[in-house]
Amino acid sequence: MYCLFLILPFLHDFKMSICEFIFEPSDRHFEVKVYLFTDDLTQAITGDPRAPLPARETISQYVQQHLELYVNNSRQELQFYSIRQKEEQTLLQFRTPSLSYSPDQIYVKNDLLLEKFSEQSNMVYLIAPGKSKQVEALGNNRRNASFGW
């Protein structure tokens, strides 16, 4: 039984992340939530899925290199907010500075984990009050999505 537990991370063949961009109208910023399998994140950064989770700064830099948000053609800074782990999942939270204008077009680039896993799927959700949730599936064949406001 002990040996089986040690090889379970290598049996994890479902490669998927979820990224939610949630517009907060009260102060006109986006909350960004990124859900990743911890072993996939660790393997992408360190090369070893069983290694300890890297430092917050290292994880934040990795995400900011692979996840971009543009609002009305202006790149938004993703400011690291928090990290939480639950079982095999890691939740990373970011937020953007407040916008001085109304969003019109949203563009997302998401190539998280794709340098390590060719079968990786990255689901992207755009959520805003009073609007229908918009969803795009990204991966090796398509790394970008545009959303109308």
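Is arginine 28 buried, partly exposed or exposed? With a relative accessible area of 29%, arginine 28 is partly exposed, because this value lies between the limits of 20% for buried and 50% for exposed residues. The residue belongs to a predicted model, whose confidence and overall architecture are described before the local features are taken up again.

The mean pLDDT of the protein is 91, and 92% of its residues reach 70 or more. Confidence varies along the chain: the lowest mean, 44, belongs to helix α1 (residues 2-11), whereas the highest, 98, belongs to strand β3 (residues 67-71). Over residues 1-11 the pLDDT stays under 50, and for this segment the model has five contacts beyond four places in sequence.

Three helices and ten strands make up the secondary structure of the protein. Their order along the sequence follows the pattern α-β-β-α-α-β-β-β-β-β-β-β-β. Along the principal axes, the C-alpha trace spans about 55 × 30 × 25 Å. The radius of gyration is 16 Å, which agrees with the value near 15 Å that a compact globule of 149 residues would have. Of the 149 residues, 42% count as buried. Among contacts between residues at least 6 apart in sequence, 59% join residues at least 24 apart.

An open sheet is formed by six strands, in the order β5-β6-β2-β1-β8-β9, with mixed pairing. Its edge strands are β5 (79-86) and β9 (134-138), each of which pairs on one side only. From one strand to the next, the twist averages 15°. At the β9 edge of this sheet, β8 and β9 run antiparallel and are joined by five bridges. In this pairing, asparagine 122 has leucine 138 of β9 as its bridge partner.

Two helices lie across strands of the sheet. Helix α2 (residues 38-46) lies across β2, β5 and β6 (89-95) and runs at about 90° to β2. Helix α3 (residues 56-66) lies across β5 and β6, running at about 110° to β5. Strands β5 and β6 are thus crossed by helix α2 and also by helix α3.

Strand β3, in which the mean confidence is highest, has two pairing partners described here. With β7 it pairs in the antiparallel sense over five bridges, and leucine 67 stands opposite asparagine 110 in β7. With strand β4 (residues 74-76) the pairing of β3 is again antiparallel, over three bridges; here glutamine 76 of β4 is the bridge partner of leucine 69. The hairpin of β3 and β4 has two residues between the strands, and in this hairpin asparagine 72 takes a positive phi near 50°. Four of the five residues of β3 are buried, so the strand is largely enclosed by the rest of the structure.

Positive phi values occur at further positions. Most residues other than glycine have a negative phi. In arginine 28, however, phi is near 60°, and in leucine 113 phi is near 70°. Each of these residues lies in a loop: arginine 28 is placed between β1 (16-24) and β2, while leucine 113 is found between β7 (105-110) and β8 (121-127). Their surroundings are described by their accessibility. Arginine 28 is partly exposed at 29%, whereas leucine 113, at 0% relative accessibility, counts as buried.

Histidine 29 is found in strand β2 (residues 29-37). How does its accessibility classify histidine 29, as buried or exposed? Histidine 29 counts as buried because its relative accessibility is 4%, a value under the limit of 20%. Beyond residues up to four places away in sequence, histidine 29 touches Ile22, Phe23, Glu24, Arg95, Thr96, Pro97 and Ser98. One of these contacts involves arginine 95, whose side chain makes a polar contact of 3.0 Å with the side chain of histidine 29.

Key: Residues numbered from 1 in each chain as written. Predicted model: local features only at pLDDT ≥ 70, side-chain atom pairs only at ≥ 80, totals over all residues. Heavy atoms only, no water. pLDDT = per-residue confidence, 0-100. Contact = heavy atoms within 4.5 Å. Buried < 20%, exposed > 50% of the residue type's maximum accessible area, 1.4 Å probe, protein only. Polar contact = N/O pair within 3.5 Å; in protein donor to acceptor, adjacent residues only side chain to side chain. Pairing = 2+ DSSP bridges. Axes fitted to C-alpha atoms, helices over the stretch in contact; angles between N-to-C directions. Rg over C-alpha atoms; globule rule 2.2 N^0.38 Å.
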